[in-house]
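Welcome to this tour! Open your viewer, keep the selection tool ready, and follow along one stop after another.

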Amino acid sequence: MKSEKTVIKVRDLVKKFGDFTANDHLNFEVYEGEIFGFLGANGAGKTTALRILCGLSLPTSGEISVAGLNVYSGRDMIKRRIGYMSQKFSLYEDLQVHENIRLYAGIYGLSRKEIRLRTDHLLDTLGLEPVRNKRISELPLGWRQKLAFSVAVIHRPSIVFLDEPTGGVDPITRRQFWDLIYDASHDGITVFVTTHYMDEAEYCDRVCIMEAGRIEAIGSPAELKAKYHATNMDEVFIKIAR
Amino acid sequence: MEPLSVNIRNLSKSYGEVNALQDISLGIRRGELFGLIGPDGAGKTTMFRILTTLLLPDTGSAEVEGFDVVRDFRQIRRITGYMAGRFSLYQDLTVEENLNFYATVFGTTVKENYDLIRDIYSHIEPFKKRRAGKLSGGMKQKLALSCALIHKPKILVLDEPTTGVDAVSRKEFWEMLLRLKVHDITILVSTPYMDEAGLCNRVALIQDGVILSVDVPEVIVGNYRGRLLAVSSDDLYTLKKDLEAFKHTASVYLFGQHLHLTLGGNDAESEIRGYLGMKGHKNLIIEPISPNIEDCFLELMVKAGKTNP
């Protein structure tokens with residue numbers, strides 16, 4: 001555990017869609033600066049929970065706070081304090097690289113000077129200076145995903161939510177992406193990430209495994225491997241889900 | 001040796017300035033389970049769409065079961081089963097209606113070829129009155145595979161059937177594919193998951209429209225040139241930074257709970273323990289290991305100069 005300070009607190013989270021219970025009394029905490037992996041089969045309820053934590057959807061019941069804010073009353077404020085990226089949509093394809101950065105930084109209310117400084121720093125760190133004026137649609141997927149992550153944390157949020165950020169990305173870029181995640185975590189940003197790659201589950205400080213709307217297991221990869229007598233997270237996952 | 005089921009010669013396809021396929025030549029034998037392995041944008045879908053006659057190549061040629069993909073597209077369509085990357089069945093039709101529809105389009109009946117799909121379809125048959133749009137992801141996948149097989153194709157083309165699918169459903173899907181092999185169908189499957197390579201008879205590793213290597217998975221692994229070490233300690237993050245700064249490090253990559261390290265120069269291996277010890281790493285483990293397909297892919301990407309900034 002990197003810190004005792006809780007940044008996400010979930011008590012008895014229930015979300016129903018008609019008769020269907022997508023989230024069935026979830027209880028967990030996420031600590032500051034932690035890389036928290038959120039795993040589960042398709043339809044296990046991950047996206048539903050993620051949307052509630054991001055302030056995009058209201059729970060049916062439960063007490064949930066994110067970055068110190070209540071998800072019922074503080075939804076709009078939550079959005080200022082978090083970053084979000086998904087595999088499906090991240091950046092505007094018709095805008096140039098630097099325009100995308102300016103757009104997101106502007107939405108989060110950074111000053112012109114701040115935007116200029118952070119843009120230069122970001123392009124320099126990612127080695128994307130040569131493509132500053134290229135449209136996103138001209139960039140390979142791997143570059144886009146790294147850029148999308150950096151843009152998602154440009155306002156230095158306390159938590160960043162990543163929804164399958166590395167799906168379909170080549171193996172080198174996938175690792176470079178995790179370097180970015182590690183760096184963000186070392187800077188104190190809490191990382192909440194979903195993935196289907198079980199090797200990536202090993203990189204998390206703690207993981208939570210969902211199954212049919214409930215949390216089946218939660219703990220550090222080492223704890224879960226010991227508990228389920230498994231040599232890696234792939235085995236843990238299969239033992240739980242089968 | 002079995003005759004060629006697919007014969008691709010110098011195939012190229014561009015979209016504007018993007019070269020999706022660059023001078024690809026490849027032969028796939030009848031009855032082979034062949035994997036096309038690479039990330040998004042590698043050219044996997046483009047190749048499959050050309051082979052299924054849904055897209056025309058710019059230059060080069062390809063034959064499927066002796067039929068030319070441009071001239072003989074009608075014949076190819078009759079003998080091909082294709083599962084697109086996106087679920088493309090009729091959402092408003094029931095499970096049973098979808099299956100009957102595909103059987104009828106190909107001039108056959110579900111009854112006639114039921115044996116071929118029994119193993120897969122039996123899982124969803126209890127829900128045959130349910131609309132396809134209401135099925136879970138795993139069930140949709142089984143229905144799509146059943147529909148692709150119902151006319152007993154000679155060649156089955158599956159475009160990323162396991163993308164976005166959880167680890168358990170992925171395993172089940174591959175078990176179904178392996179059981180299909182007794183029916184002597186040539187199966188082409190694409191995937192971004194490197195760990196699925198070992199399940200194929202042969203694989204092509206593809207990146208940026210170029211084939212990096214094509215062979216039996218064991219041979220690709222056998223051709224790995226570096227000496228690979230697995231290194232771990234209590235703090236992987238710092239360990240990786242320290243190894244990146246080590247003067248003899250050739251490459252260091254995260255692999256689950258270990259780092260995979262290759263070194264350059266003599267005596268590097270004897271120096272490394274001292275170096276990491278000096279950095280204060282606890283529970284340090286350094287051991288030689290055999291590479292897997294992903295290690296090979298990484299090595300080939302670097303060799304081909306396909307690395308990003």
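Start by colouring chain A by confidence: its mean pLDDT is 92, and 99% of its residues reach 70 or more (pLDDT is the predictor's confidence in each residue, from 0 to 100). This is a predicted model, in which local features need pLDDT of at least 70 and side-chain atom pairs count only at pLDDT 80 or more, while totals for chains, interfaces and linings use all residues. To find your way, note that residues are numbered from 1 along each chain as its sequence is written, and that chains are lettered from A and ligands numbered from 1 in the order in which they are written.

Among the elements of chain A, strand β4 (residues 61–66) has the highest mean pLDDT, 97, and α9(A) the lowest, 87. Names like these come from DSSP runs, numbered from the N terminus: helices are H or I with at least four residues, strands are E with at least two.

**Stop 1: the sheet of chain A**

Now select the strands β6, β7, β8, β3, β9 and β10 of chain A; in that order, these 6 strands form an open sheet with mixed pairing. Two strands pair if DSSP finds at least two bridges between them. Which strands are at the edges? They are β6 (82–86) and β10 (214–219) of chain A, each pairing on one side only. On average, neighbouring strands of this sheet are turned by 15° against each other, direction ignored. Axes here are lines fitted to C-alpha atoms, for helices over the stretch in contact, and angles run from 0 to 180 degrees between N-to-C directions.

Zoom in on β6(A): 5 bridges join it to β7 (residues 159–163) of chain A, and the two run parallel. Click A:Ile82 and you will find A:Ile159 of β7(A) opposite. In general, strands of a sheet pair through backbone hydrogen bonds, either parallel or antiparallel.

**Stop 2: helices on the sheet**

Add α6(A), which lies across β3 (35–40), β7 and β8 (190–194) of chain A and runs at about 145° to β8(A). Then add α9(A), which packs on the sheet and touches β3, β9 (206–211) and β10 of chain A; its direction makes about 30° with that of β9(A).

Next, pick A:Ala212 in the loop between β9 and β10 of chain A. A:Ala212 has a positive phi of about 50°, although it is not a glycine. Is A:Ala212 buried or exposed? It counts as partly exposed because it has 14 C-beta neighbours inside 10 Å. A residue is buried if 20 or more other C-beta atoms lie within 10 Å of its own, exposed if 12 or fewer, and partly exposed in between, with C-beta atoms placed from the backbone.

**Stop 3: where the chains meet**

Show both chains: 33 residues of chain A are in contact with 28 residues of chain B (contact means that C-beta atoms, placed from the backbone, lie within 7 Å). On the chain A side, α6(A) gives the largest share, 7 residues.

**Stop 4: a helix in chain B**

Finally, select α5(B), residues 137–149. At 1.5 Å a residue its 13 residues should span 18 Å, and its end C-alpha atoms are 19 Å apart, which agrees; the expected span is 1.5 Å times one less than the number of residues. The helix is mostly covered, with 10 of its 13 residues buried, among them B:Leu143 and B:Cys147.

Definitions and conventions: Contact = placed C-beta atoms within 7 Å.
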